[in-house]
Structures are given as structure tokens and as C-alpha cells.
Amino acid sequence: MTTTQTDDRIATNERIDPVTLLQRTSHAIAFAPGTLPPMALRRIAEAGRLSPSLYNTQPVRFVVVRDRSAYDKLRSGCNTSRDTFVRARKLFATMNKRLKNPAFVAGVERQAKGDVLPPHGYAIVPLHDDRLTESVEAASCALMAMQLEATSLGLASAFCSWTRGLSFQKEMVAMLGIPEGFKPFTSLIVGLPTHPLVTSEKQRRAFDDAVTWV
């Protein structure tokens with residue numbers, strides 16, 4: 001997928017059905033160098049803005065990190081979040097039962113090396129109003145809506161949960177302009193894929209194993 005092809009999809013309003021979008025796969029290692037058209041980022045952020053929230057409270061704001069130096073700072077901040085968590089994992093385990101689950105710990109350890117964010121991405125960081133109980137669900141809806149929109153444009157995308165730790169880093173709070181009462185949520189990283197997105201060949205749980213009819 002090239003920048004021109006992304007522009008063409010925006011101009012023609014080409015749409016792909018949701019199931020097909022969900023079948024397509026993308027991953028951080030699939031990011032290629034290149035510039036995204038501003039309208040693509042706007043379309044993705046708009047999908048997040050229009051996502052549903054309980055009682056229409058709309059408790060989510062969005063920061064689009066497109067400047068390369070700012071994105072590099074975000075990459076460093078996410079690495080710091082990850083490294084701090086890994087070092088203090090045993091301490092956190094006294095408060096978080098999941099850190100006593102071998103499968104959960106194995107997932108953390110898989111992310112313990114290298115950079116958290118790919119070098120050629122753009123980030124959209126949802127900020128959720130921590131004073132409202134429905135804000136986490138609203139931010140989750142926004143993430144899914146934005147990834148579907150990115151995939152419909154033929155872009156690679158990946159989630160990064162380490163952005164949540166940015167609220168403890170003063171320089172990151174200042175860079176992102178996080179308002180009082182808000183916290184960063186799992187971010188969406190988008191960019192040009194190294195290969196066109198195709199239907200995923202990853203093994204998925206069988207429908208009857210995943211769905212129960214009541």
C-alpha cells in the first residue's frame with residue numbers, strides 16, 4: 001500500500017465489510033518508511049471520535065503524534081514504561097494477581113527486549129477521563145474503530161499498551177498535553193505496510209469454541 005493508494009481510497013470512499021477487515025492481519029514488524037497523507041490520520045482519529053460511549057459522555061480525547069522527533073520521544077517513553085514495569089514486576093505482583101499467572105508473565109517477557117514501538121509509525125494516543133467509570137470502555141471502542149478504519153485504508157496498525165505508563169513521566173505528559181483528570185490509554189500505531197494486507201493465515205479459535213448460544 002502506497003501513499004497514493006491511500007489517498008485514492010480516501011477520495012473514492014472505498015469501503016470493505018467489517019468481517020473482511022477483521023480477517024486481515026497487521027503487525028508492528030510490517031511498518032515501512034514513508035509519509036502518510038494528513039487526511040488518512042484525520043480519518044482514523046475521526047473514527048475514534050465517532051465511536052460510542054455510555055450516555056454519550058464522550059470521555060475520550062486523542063493526541064495524534066505525527067512529528068518524527070515527537071514520535072521518537074514517544075518510543076523512548078514507552079520503553080521506559082516497559083522497563084520500569086519489568087524491573088518492579090515482583091512488587092506489582094502483590095497488587096496484581098495476573099502477575100502470578102505464568103501465561104501473563106510469559107506475555108510480558110516476550111515484550112521485554114527491543115523497542116516497544118516500530119521506528120516508522122505514527123501514533124494516535126487516546127486520553128480517557130479517569131473521573132468517569134465508563135471511560136475505559138469508551139477508549140476501547142475508539143481503539144477498535146480506529147484500527148478498522150486504518151485497515152480499510154490498507155495501512156498497517158498495532159496496539160501498544162505501554163503508553164499507559166506515560167502518565168507517570170512528566171516530560172511525556174507535557175509533550176502530549178494531557179489535561180488534568182485524563183490518562184493515556186492503549187495507543188494505536190499506524191503506518192505504511194511492507195506488504196499489502198491480506199487475509200490472515202493465523203489459526204483462530206473455532207466459531208463453536210468461541211461462541212455459546214443461550
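## A walk through the strands, helices and cores

Let's start at an edge of the strand pairing: strand E1 (residues 31-32) runs antiparallel to strand E6 and is joined to it by 2 bridges. Within that pairing, Phe31 has Pro193 of E6 as its bridge partner. Keep in mind as you look around that this is a predicted model.

E6 is a good place to linger. Strand E4 also runs antiparallel to E6, with 5 bridges joining the two, and here Ala156 is matched with Gly191 in E6. E6 pairs with strand E3 as well, again in the antiparallel sense, over 3 bridges; in this pairing Ala123 stands opposite Ile189. Is E6 enclosed or open? Of its 7 residues, 7 are buried, so the strand is largely enclosed by the rest of the structure.

From E6 we can step across to E3 itself. Strand E2 (residues 60-65) is antiparallel to E3 and joined to it by 6 bridges, with Val65 partnered by Ala123 in E3. Ala123 therefore turns up twice on our path, because it is the bridge partner of Val65 and also stands opposite Ile189 of E6. Further along E3, strand E5 (residues 182-184) pairs with it in the antiparallel sense over 3 bridges, and there Leu127 has Pro184 as its partner. What surrounds E3 on its two faces? Tyr122, Ile124, Pro126 and His128 on one side are buried, and so are Ala123, Val125, Leu127 and Asp129 on the other, which leaves both faces covered. With 8 of its 8 residues buried, E3 is largely enclosed by the rest of the structure.

Now turn to helix H4, which spans residues 68-87. Its 20 residues, at 1.5 Å a residue, should span 28 Å, and the C-alpha atoms at its ends lie 29 Å apart, which agrees. Among the buried residues of H4 are Ala70, Tyr71, Leu74, Cys78 and Phe85, along with polar or charged ones including Arg75, Asn79 and Arg82.

H4 leads us to the nonpolar interior. The largest nonpolar core has 25 residues, and Val65, Leu74 and Leu117 have the most contacts inside it. Two or more residues come from each of E2, H4, E3, E4 (156-160) and helix H8 (170-176). H4 gives the largest share, 5 residues. In soluble globular proteins, nonpolar side chains tend to be buried together. Leu117 shows how the parts meet: beyond its neighbours up to four places away in sequence, Leu117 touches Tyr71, Leu74, Arg75, Cys78, Cys160 and Ile189. Apart from this core lies another one, of 19 residues, with Val60, Tyr122, Met146 and Leu155 among them.

Next, have a look at Ser51, which sits in the loop between helix H3 (38-49) and E2. Ser51 counts as buried, at 15% relative accessibility. Its side chain reaches the backbone oxygen of Gly48 at 2.6 Å. Setting aside residues up to four places away in sequence, Ser51 touches Ala138, Cys141, Ala142 and Ala145.

Ala142 takes us into helix H7 (residues 135-152). At 1% relative accessibility, Ala142 counts as buried. Which residues does Ala142 contact, leaving aside its neighbours within four places in sequence? They are Gly48, Ser51 and Phe62.

H3 and H7 are also linked by charge. Arg43 and Glu149 form a salt bridge, with their closest N and O atoms 3.0 Å apart. Arg43 belongs to helix H3 and Glu149 to helix H7, so the pair links parts of the chain 106 residues apart. Both partners are buried: Arg43 has a relative accessible area of 18%, and Glu149 is at 8%.

That is one of the 7 salt bridges in the whole structure. Another joins Arg49 to Glu46, with the closest N and O atoms 2.7 Å apart. These two both lie in helix H3, 3 residues apart, which is about one turn of the helix. An α-helix has 3.6 residues a turn, so residues three or four places apart point the same way. Arg49 is partly exposed, at 47% relative accessible area, and Glu46 is partly exposed at 31%. Our last stop is the salt bridge between the side chains of Asp209 and Arg205, 3.2 Å from N to O. Here Asp209 is exposed at 53%, and Arg205 is exposed at 61%.

Definitions and conventions
Residues are numbered from 1 along each chain as its sequence is written. This is a predicted model: local features need pLDDT of at least 70, side-chain atom pairs count only at pLDDT 80 or more; totals for chains, interfaces and linings use all residues. Side-chain values use heavy atoms; hydrogens and water are left out. Buried means under 20% relative accessible area, exposed over 50%, partly exposed in between (1.4 Å probe, protein chains only). Helices (H or I, at least four residues) and strands (E, at least two) are DSSP runs, numbered from the N terminus. Two strands pair if DSSP finds at least two bridges between them. A polar contact is a pair of N or O atoms within 3.5 Å; within protein, one must be able to donate a hydrogen and the other to accept it, and residues adjacent in sequence count only if both atoms are side-chain atoms. Contact means heavy atoms within 4.5 Å. The expected span of a helix is 1.5 Å times one less than its number of residues. A nonpolar core is a set of buried Ala, Val, Leu, Ile, Met, Phe, Trp, Tyr and Cys residues joined through side-chain atoms within 4.5 Å. A salt bridge is a side-chain nitrogen of Lys or Arg within 4 Å of a carboxyl oxygen of Asp or Glu.
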